[in-house]
Amino acid sequence: MAGDPFSRLVQQINDVDDLRVFMDLHVYAVWDFMHLLKGLQRTVGKHQPELKTLVDELITEEESDHLPVGLGGPAELSHFEIYVCAMREIEADTGAMTSRIDNMRRCSLKEMLADPTVPEASRAFMTNTQNCLEDGQPEVVAGAYTYGRELLMPKLFAELRNRLIQLQLPCPTLNWYLERHISLDGETHGPLAIQLVEKLIGNDPEAKKRVEVIKKKTLFARAEFWNRISETIKKAKQPN
Ligand SMILES: [Fe+2]
Ligand SMILES: [Fe+2]
């Protein structure tokens, strides 16, 4: 088994119950991603409005995608909504999930962090996102977005997709979601995000340092998140 936290986590997923635990916690990271991206739009609009079109483009692609007809498409859905469809596909307890998702649609990131029903693993991850947003410097928010999300996902999602295929789990919408991000983030969003960070840093060595710091922090928060999900899957397997 490979040694990094995500590879360990992926190998721990053996059935739909494990996948459900993973998605129940990971959905918060899918949700807070849009808050990070909207925060990026605000700070770039304020400090470097000439780059705002680039962020607007990224937001449009995250907010309006189309599932294939066979999976309930082609209605226009955000990636978060598509992830929710993928959860419903494997979730037995849709009632509890529906109220949680309604809450997510209404809440700000701060409100979500104050909600005592949010699982600890997800809260810790979202706290890092909130800290980046509070910092407010455009290159810091862009650094978190680029190194903690767009550049990271294709490799991780490919690993998860391979595992799900190997296990032949009944989750076609999740498989589609993963495939979509492997190609869209790998071929388009990742390169655009890098361009954006480089433009925001410009020739400022201090800004470059700030991006290095946020890159480390964000990757650490991500590794911690995977470790906490691993622990939760392990606990769920233990007899009461
Ligand atoms: Fe996405
Ligand atoms: Fe993306």
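Start by selecting helix 2, residues 16-47, together with helix 11, residues 205-237, in this predicted model: the two helices pack at an angle of about 145°, and their axes lie 9 Å apart. If you turn the view until one helix lies in front of the other, you can look for the right-handed crossing in which helix 2 passes helix 11.

Now show the side chains where these two helices touch. From helix 2, select Asp18, Val21, Phe22, Leu25, His26 and Ala29, which meet Phe225, Ile229, Thr232, Ile233 and Ala236 of helix 11. Sorted by class, this contact between helix 2 and helix 11 is made up of eight nonpolar residues, two polar residues and one charged residue.

Stay with helix 2 and move along to Gly39, which is found in that helix. Is Gly39 buried or exposed? Gly39 counts as buried, because it has 23 C-beta neighbours inside 10 Å, and a residue needs 20 or more such neighbours to be called buried. When the neighbours within four places in sequence are left aside, Gly39 is in contact with Leu133 and Val141, so select those two residues as well. You can also draw a distance from the C-alpha atom of Gly39 to that of Cys132, where you should find 9.2 Å between two residues that are 93 residues apart along the chain.

Next, select helix 3, residues 52-63, and helix 10, residues 172-201, which pack at an angle of about 155° with their axes 10 Å apart. How are helix 3 and helix 10 directed, roughly parallel or roughly antiparallel to each other? An angle over 145 degrees counts as roughly antiparallel, and helix 3 and helix 10 are therefore roughly antiparallel to each other. Helix 3 passes helix 10 in a left-handed crossing, whereas the crossing of helix 2 with helix 11 is right-handed.

To see the residues involved, show Leu54, Leu58 and Glu61 in helix 3, which meet Leu184, His189, Leu192 and Leu196 in helix 10. This contact of helix 3 with helix 10 has, by class, five nonpolar residues, one polar residue and one charged residue.

Two places in the backbone deserve a stop of their own. Most residues other than glycine have a negative phi, and most peptide bonds are trans. With that in mind, select Pro74 in the loop between strand 1, residues 65-66, and strand 2, residues 76-77, and look at the peptide bond that leads from Gly73 to Pro74, which is cis, with omega near 10°. Then go to Gln168, in the loop between helix 9, residues 153-167, and helix 10, where phi is positive, at about 55°, although this residue is not a glycine. Gln168 is exposed, because 7 other C-beta atoms lie within 10 Å and a count of 12 or fewer is the limit for that class.

Finally, show the whole protein chain, whose secondary structure comes to 11 helices and two strands. Following the chain along its sequence, you will pass the elements in the pattern α-α-α-β-β-α-α-α-α-α-α-α-α. The radius of gyration is 18 Å, close to the 18 Å that the globule rule gives for 240 residues, so the chain is as compact as a globular protein of that length. Along its principal axes, the C-alpha trace spans about 55 × 40 × 35 Å, and buried residues make up 34% of the 240 residues. Of the contacts between residues at least 6 apart in sequence, 71% join residues that are at least 24 apart.

Note on methods. Residues numbered from 1 in each chain as written. Chains lettered and ligands numbered in written order. Predicted model: local features only at pLDDT ≥ 70, side-chain atom pairs only at ≥ 80, totals over all residues. Axes fitted to C-alpha atoms, helices over the stretch in contact; angles between N-to-C directions. Helix = DSSP H or I, 4+ residues; strand = E, 2+ residues; numbered from the N terminus. Parallel < 35°, antiparallel > 145°, perpendicular 65-115°, else oblique. Left-handed = near helix turned anticlockwise from the far one by under 90°. Contact = placed C-beta atoms within 7 Å. Nonpolar A, V, L, I, M, F, W, Y, C, P; charged D, E, K, R; others polar. Rg over C-alpha atoms; globule rule 2.2 N^0.38 Å.
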